[in-house]
Structures are given as structure tokens and as C-alpha cells.
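Thank you all for making the time this morning. I would like to walk through one model with you, going from the whole chain down to single residues, and I will try to be careful about what can be read from it.

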Amino acid sequence: MTTHDDVTLLTLPSLTCPFPLQVSPHADAVQSGTQEWIRRFGVLTPQQLRHFDRAAYGQLAARVYPYARQPLLQLASDWCGWLFAIDDVIYEEDDASTAAVGMIPELRRVLAGLHAGTTGFGRALADIRARIAAQVNADQLHRWTAATGEYLFAQTWEKANRSGHQVPALDAYVTMRRFTGAMYTVYALIDVVAEQPLTAELWADPQVRAICRHAGDVVVWDNDLISWPKERLSSNGLNNLVMVLTTHASLSVPQAVERIVEMREEAVGQVAALGELLIARRQENVIAFVRGLQSWISGSVAYSLRSSRYLATAVQE
């Protein structure tokens, strides 16, 4: 279990990344656009808006989708903003989480195109869905809506852990973190904003599924490491890989961190190896998708190491 000494001795490890980091020239513009967009729907209090603005989610989008044209980058940035708002402001606040789970039926109807939304989050989701639908084919829209539905349901699992003060087992956590982290929702936008659509057959390809899984693991495990000093002080620390390993593997915090670094380095290696195999196919849309996944890894860790969302004491740009 975690001890005071474990925490004071914890030093964030070097999170190496072999993939190049790029930043879109539209970073500041999409940041301002996402701030204006979230205000249209009245989902955040003034204090929450200050936290939202400080976290600068448009800067994340500019690093994980650096190749996108500005209108498509704005779409991706707004989607990231919606995810962070509902996750950080609603699902992670214990006094509001029950009401948030109660919104799931409405949000599911919005995703199906059957409802325009009555809550602020519902209306914002309807706006995002309409903008995505205007850019994509039926397969692409289905991928995103299905992944978003899985994300919403996975939040009830996280809420149950917090409500029951339960630390999940390792296998369960690794499986569910892929969904609670919403990585499949943002990966489903890579071929959209790259304007290189994947066919349904390519999306279902075992190597494509595997590289998505490994890339998602890297991003969420990095987030768990970076956010641990902050999350250990809240109920959300129950849903963190450091807590999982200290609880169920009887590791100290430094030992758990070392194990997570080993896990993420193995996953990074899998992304690199599978990426080479996929790029060797010489299909332009597949190459764009692989580069998009790699941009998510490099861009996410660069953003997270300076973000108020993850750090107890954030480094300001």
C-alpha cells in the first residue's frame, strides 16, 4: 500500500518517445475556438471554466492532430474539450456523478441521431455528431458513435469503483482503462481529420486493432503516472494503475512506477513494430493512420507533462 515515504520518494520517470513531436500552426486559434464553443452550451460554472481554459485542451489537439486542416482540427479540439469537461467536471465529482450517469440514455439517443439533446452536454454532443457526420461516410460515423457509447458505459464502472471504495484488479483495470480513457473515440477521428478514410475491412484488420490497443495503453498509462501525485489525494486515485499495483501486487509506489514504465516501454515497442509492418503495405490511408497514432503518443505525453489537468503543480506555457 502507499506510504508517506513512497510518495515523497516518488520521482516521475523519463517517458521516452521514439515518435516525432509536431505542433499545428493553428494551435492558438483552435484553443480560442474551443473555449468559445464550450461556453455556448452552459455546462460549466465560472470556476470550472477557469480550470477548463487553464488546461488548454486546444493545445493538446494541436499536438495530437498536428497534420489536420484548421476546420477539422477545431472539430477534434472541441471533441477533446467535451470529453474532458464531462470526465473532469461531471464524472469525477462525487456529488455530480449520479446525475451524470443519468444522462447516459439521452447521450445514447443523441449518438444514434434520434435526439437533439436537452442538457448542455447533450446539445454539445449533438453539435459534434452533426459536424462529424458532415465529414464522414457511414462506417466512420459508426466507429466514432460506437466508441463513444463504450466510453459512456465504462464511466459507470469507474463510478462503481469510487462509490464502493474499490481498487480494481490489474486485468480488469487494463481492459477497462482502454474505454474509460476514451482513446478509441479519439482514434476514430484520426482518419477523419487526416482526410484519409480507412475502409471497414482495414479498421477491423487484426494489426490495426492491435496497434490501436497498444497506442491507447501508452497514452493512458502515461497519464496515470503523470497524474498520480494529484489523483492519490482524491477518490479518482482508486482508478489509477499505480494504486492498482500497490494494492494487488504489494508493490511500493516506486516499484509500481518502475513496473508501469516497463509496461509502457513494451507497448511503445509494439506500436513501433506494428507500425513498420503496416507502413510496409504502402497504403496511403494506413500510413496516415499509423502516423496519427504515433502523433497521439508523442503529443499527449508532451502536453500532459505541462498540463494543469494532470499535474499537482502545472508548468505554464
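**An all-chain view, then the details**

The secondary structure of this protein chain comes to 17 helices and 0 strands. Please keep in mind throughout that what you see is a predicted model. The chain has a mean pLDDT of 90, with 89% of its residues reaching 70 or more. There is, however, a stretch to set aside, since over residues 1–9 the pLDDT is below 50, even though this stretch has 12 contacts in the model beyond near neighbours in sequence. Where pLDDT is low, the predicted coordinates should not be read in detail.

As for the chain in overall numbers, 57% of its 317 residues count as buried, and the accessible surface comes to about 13,200 Å², of which 54% belongs to carbon and sulfur atoms. If we take the contacts between residues at least 6 apart in sequence, 75% of them join residues at least 24 apart.

Let me turn to two helix pairs. Helix 7, residues 104–111, packs with helix 9, residues 138–163, at an angle of about 175 degrees, and their axes are 10 Å apart. Because an angle over 145 degrees counts as roughly antiparallel, helix 7 is described as roughly antiparallel to helix 9. On the side of helix 7 the contact involves I104, L107, R108 and L111, and these meet W144, T145, T148, G149, E150, L152, F153 and T156 in helix 9. Sorted by class, that contact holds 6 nonpolar, 4 polar and 2 charged residues.

The second pair has another geometry: how do helix 10 and helix 14 cross? The axes of helix 10, residues 170–180, and helix 14, residues 206–231, come within 9 Å and cross at roughly 100 degrees. Since 65 to 115 degrees counts as roughly perpendicular, helix 10 is roughly perpendicular to helix 14. Helix 10 contributes Y173, V174, R177 and R178, while helix 14 contributes R213, D217, V220, W221, N223 and D224. Here the residues of the contact divide into 4 nonpolar, 1 polar and 5 charged.

Staying with helix 14 for a moment, I would point you to D222, which has its place in that helix. Is D222 buried or exposed? D222 is buried, with a relative accessible area of 2%, and, not counting residues up to four places away in sequence, D222 touches L15, R264 and V301.

Next come three further buried positions, which I will take in order along the chain. F19 lies in the loop between helix 1, residues 4–9, and helix 2, residues 27–39, and F19 is buried at a relative accessible area of 9%. Its C-alpha atom is separated by 8.6 Å from that of A272, although the two residues are 253 apart along the chain. Leaving aside neighbours within four places in sequence, F19 is in contact with V268, V271, A272, Q294, I297 and S298.

V186 is found in helix 11, residues 183–187, and at 3% relative accessibility V186 counts as buried. Beyond four places in sequence, the contacts of V186 are Y65, W79, C80, L83 and W296. The C-alpha atoms of V186 and G216, 30 residues apart along the chain, are separated by 9.9 Å.

V192 lies in helix 12, residues 190–193, and V192 is buried as well, with a relative accessible area of 7%. With residues up to four places away left out, V192 touches L72, Q135, V136 and Q140. For V192 and V136, 56 residues apart along the chain, the C-alpha separation is 6.7 Å.

Finally, let me mention backbone geometry, and ask which residues that are not glycine have a positive phi; E195 is one of them, at about 60 degrees. E195 is found in the loop between helix 12 and helix 13, residues 200–203, and at 40% relative accessibility E195 counts as partly exposed. R282, also a residue other than glycine, has a positive phi near 60 degrees. R282 is found in the loop between helix 16, residues 253–279, and helix 17, residues 284–304, and R282 is exposed, with a relative accessible area of 75%.

That is where I will stop, and I am glad to take questions.

Note on methods. Residues numbered from 1 in each chain as written. Predicted model: local features only at pLDDT ≥ 70, side-chain atom pairs only at ≥ 80, totals over all residues. Heavy atoms only, no water. Axes fitted to C-alpha atoms, helices over the stretch in contact; angles between N-to-C directions. Helix = DSSP H or I, 4+ residues; strand = E, 2+ residues; numbered from the N terminus. Parallel < 35°, antiparallel > 145°, perpendicular 65-115°, else oblique. Contact = heavy atoms within 4.5 Å. Nonpolar A, V, L, I, M, F, W, Y, C, P; charged D, E, K, R; others polar. Buried < 20%, exposed > 50% of the residue type's maximum accessible area, 1.4 Å probe, protein only. pLDDT = per-residue confidence, 0-100. Areas by Shrake-Rupley, 256 points an atom, 1.4 Å probe, with all protein chains shown as cover.
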